[in-house]
Amino acid sequence: MCIRDRVSTQSTGNSMLCHFLITFAILICVPLTQAYHTGAGACTNPGSCMTPVSDNGMTLTFGDGVNLQYAPGESYPVTLKGTTGDIAGWLLYVEDSTGFRVGTWTIMNGTQAKTGCNGGDASSFTHATNVGWGTSQTFTWTAPSSGSNLTLLGVGVRPIRTWMSLRPVQLTPAPPPPPASVSIKVTEEDSYVVGKKYTLKTKVKNTGAGSLSNFMVDFEAQTPLSITAISGASCTSTGNNWSCPVSFLDVDDSITLKPTVMVNGAGKLSIDVGDATTTWKSKSVSIDV
């Protein structure tokens with residue numbers, strides 16, 4: 001073979017090799033660059049064919065961005081914002097000191113849990129489409145049942161196929177609420193007559209350091225006494241036992257309930273205030289005839 005033929009053959013071979021390498025690179029990279037269209041392709045970053053940057057104009061905020069404490073089992077808003085353009089995708093998760101991902105994300109339209117990561121079910125959260133997210137989206141994360149120091153982490157993706165590791169947010173468990181403290185004051189009659197009804201005004205006051213929510217004021221009439229009605233709240237009865245739910249009571253505020261008691265003889269009226277697990281305060285009123 002002459003030198004010219006050998007050079008021509010070598011040039012053709014090199015051209016075919018370059019064409020093969022380019023085609024192979026496209027086959028490898030296109031799925032990776034397009035992976036964010038249907039969610040994060042990996043548990044930590046989008047892949048080597050998408051460009052990492054130090055800042056692509058995306059921020060991550062927990063709650064109001066000021067109070068970074070959480071209560072076990074409670075739900076909190078997490079906001080992803082694009083300060084210079086629209087959001088194309090994300091991967092969000094909260095992990096403990098061992099790197100295990102905890103808590104659960106609320107799945108909504110266009111989102112999904114990222115599986116195969118080191119954590120519980122729905123502890124890694126990503127998009128299912130890369131369009132229509134605008135510049136700000138707020139999601140919901142529910143804390144695990146026990147408290148420890150946690151870190152909110154994530155990756156944000158822009159439409160130009162750039163991604164960045166979002167600035168970590170350090171979360172700490174909120175201190176337990178102060179113990180509930182209430183007072184019970186009952187306005188009694190000087191004397192009682194058999195066969196008559198009396199309204200025993202009952203004032204429950206929050207004397208503690210924190211607000212109270214979702215508790216009950218329970219009344220029980222000892223036979224031969226009976227309770228015929230209670231005003232001041234939406235109360236329900238089972239025999240001589242009445243339960244009055246209270247949704248909220250701020251510090252130093254009070255609620256007044258007015259049970260109507262039928263006196264058919266001497267007895268006691270018992271009043272208990274508390275939540276589903278603990279009785280905070282009890283009071284007993286003796287009715288003599």
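This note covers one sheet and two pockets of a predicted model.

1. The sheet is open and has five strands, which follow one another in the order β18-β19-β16-β21-β22 with antiparallel pairing. At its edges stand β18, residues 236-238, and β22, residues 279-287, and because each of these has a single partner strand, one side of each is left without a neighbour in the sheet. On average, and with direction ignored, neighbouring strands of this sheet are turned by 20 degrees against each other.

2. Within that order, β16, which spans residues 212-221, pairs with β21, which spans residues 267-274, and the two are joined in the antiparallel sense over six bridges. As for individual positions in this pairing, aspartate 218 stands opposite aspartate 272, the latter in β21.

3. The largest pocket has a volume of about 230 Å³. Its lining consists of 14 residues, of which Pro177, Pro178, Ala180, Ser211 and Leu212 are the closest to the centre of the pocket. By class, this lining divides into seven nonpolar residues, six polar residues and one charged residue.

4. The second largest pocket holds about 200 Å³ of space, and the residues that line this pocket are Gln69, Ala71, Pro72, Glu74, Ala174, Pro175, Pro176 and Pro177. Six of the lining residues are nonpolar, one is polar and one is charged.

5. A last point concerns residues named under more than one heading. Pro177 belongs to the lining of the largest pocket and also to that of the second largest pocket, while Leu212, which likewise lines the largest pocket, lies in the residue range 212-221 of strand β16.

How values were computed. Residues numbered from 1 in each chain as written. Predicted model: local features only at pLDDT ≥ 70, side-chain atom pairs only at ≥ 80, totals over all residues. Heavy atoms only, no water. Pairing = 2+ DSSP bridges. Helix = DSSP H or I, 4+ residues; strand = E, 2+ residues; numbered from the N terminus. Axes fitted to C-alpha atoms, helices over the stretch in contact; angles between N-to-C directions. 1 Å grid on protein atoms, 1.4 Å probe; cavity = no way out; pocket = protein on both sides within 12 Å on 5 of 7 lines; lining within 4 Å. Points joined across faces, edges and corners; volume = space filled by probe spheres on them. Nonpolar A, V, L, I, M, F, W, Y, C, P; charged D, E, K, R; others polar.
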